[in-house]
Amino acid sequence: MNNNFNNILELYGRVVYSHKTHERAIERLNKKIKTIKIIQIFLLSLTSAGVISSLSDVFSPIITTHPNFSIYFNLGIIGLALVATGFSIYDLCSSDREDLYSHKVSASQFLFMRDKYLMLITDYKDQIINDQQLLECRDKLFLQLSKIYEESPSTTSKDYIEARKALKDNEEYTFNAGEVEKFLPVYMRSNQ
């Protein structure tokens, strides 16, 4: 029975990693979407300012002393407009928002499975369930987990590396002694 229990522990660890990896994918996609939006806003602002200023006589002193300035200025505005248009088209055509939503759904499902595995391990260690019940629960959870993996979007190696760093180095999923107890009402804390 020891091998089966160790197998459940390993599955639990994989679910913890999968959950954290999807969280990192969410962060990556959020950052990408925000960066593209900021670049779009910046480029469109520059383009608008360039078009408006090219219609005025703001640059007339520069144009009289540098006759090619207006040509280069207008070419620059056209270039900025093309880049801004490219970013807008990318934003409209990309699936980043859908991918972000898919990763959020997957992260939520992995979190739920992580907690189910933890409860199963706890129940077994506390001898609330016997060996046979452990195997039955394991099989049910494995079927549920397989479906989640099947429906989850792909993550990148960078997402996994970030998740590993968060879990191993930063210990994001661990608590120091007494830390969890601080979340409990005072009357439920064991040191009271």
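Leaving aside neighbours within four places in sequence, which residues is lysine 37 in contact with? The view of lysine 37 below gives the reply. The model shown is predicted.

**View 1. Overall fold: a protein of six helices.** The protein has six helices and zero strands. From the N terminus on, its elements run α-α-α-α-α-α. Of the 192 residues, 27% are buried. The protein exposes about 13100 Å². Carbon and sulfur atoms supply 60% of that area. Contacts between residues at least 6 apart in sequence are mostly long-range: 82% of them join residues at least 24 apart.

**View 2. Lysine 37 and its contacts.** Lysine 37 sits in helix H1, which covers residues 2-55. Beyond its neighbours within four places in sequence, lysine 37 is in contact with Asp91 and Arg97. Arg97 falls within helix H4 (residues 96-125). Lysine 37 has a relative accessibility of 33%, so it counts as partly exposed. A further pairing concerns phenylalanine 87, 50 residues away along the chain. The C-alpha atoms of lysine 37 and phenylalanine 87 are separated by 8.6 Å.

**View 3. Helix H4 and the residue after it.** H4 spans residues 96-125, 30 residues in total. Its first and last C-alpha atoms lie 43 Å apart. That is close to the 44 Å expected at 1.5 Å a residue. Its buried residues begin with Asp96, Leu100 and His103. Ser106, Ala107, Phe110, Met113 and Arg114 are also buried. Tyr117, Leu120, Ile121 and Tyr124 complete the list. Glutamine 127 follows H4 and has a positive phi, near 60°.

**View 4. Helix H5: length and start.** H5 covers residues 131-151. Its 21 residues should span 30 Å at 1.5 Å a residue. The end C-alpha atoms are 30 Å apart, so the length agrees with expectation. At the start of H5, asparagine 130 offers a side-chain oxygen. This oxygen reaches to within 3.0 Å of the backbone nitrogen of glutamine 132.

**View 5. Helix H5: two sides.** Which residues of H5 are buried? They are Leu134, Leu135, Arg138, Leu141, Leu145 and Ile148. These residues lie on the same side of H5, because they cover an arc of only 140° around the axis. The other side of H5 carries exposed residues: Lys140, Leu143, Lys147 and Glu150. Leucine thus appears in both sets, with Leu141 buried and Leu143 exposed.

Key:
Residues numbered from 1 in each chain as written. Predicted model: local features only at pLDDT ≥ 70, side-chain atom pairs only at ≥ 80, totals over all residues. Heavy atoms only, no water. Helix = DSSP H or I, 4+ residues; strand = E, 2+ residues; numbered from the N terminus. Expected span 1.5 Å × (residues − 1). Buried < 20%, exposed > 50% of the residue type's maximum accessible area, 1.4 Å probe, protein only. Arc of directions from axis to C-beta. Polar contact = N/O pair within 3.5 Å; in protein donor to acceptor, adjacent residues only side chain to side chain. Contact = heavy atoms within 4.5 Å. Areas by Shrake-Rupley, 256 points an atom, 1.4 Å probe, with all protein chains shown as cover.
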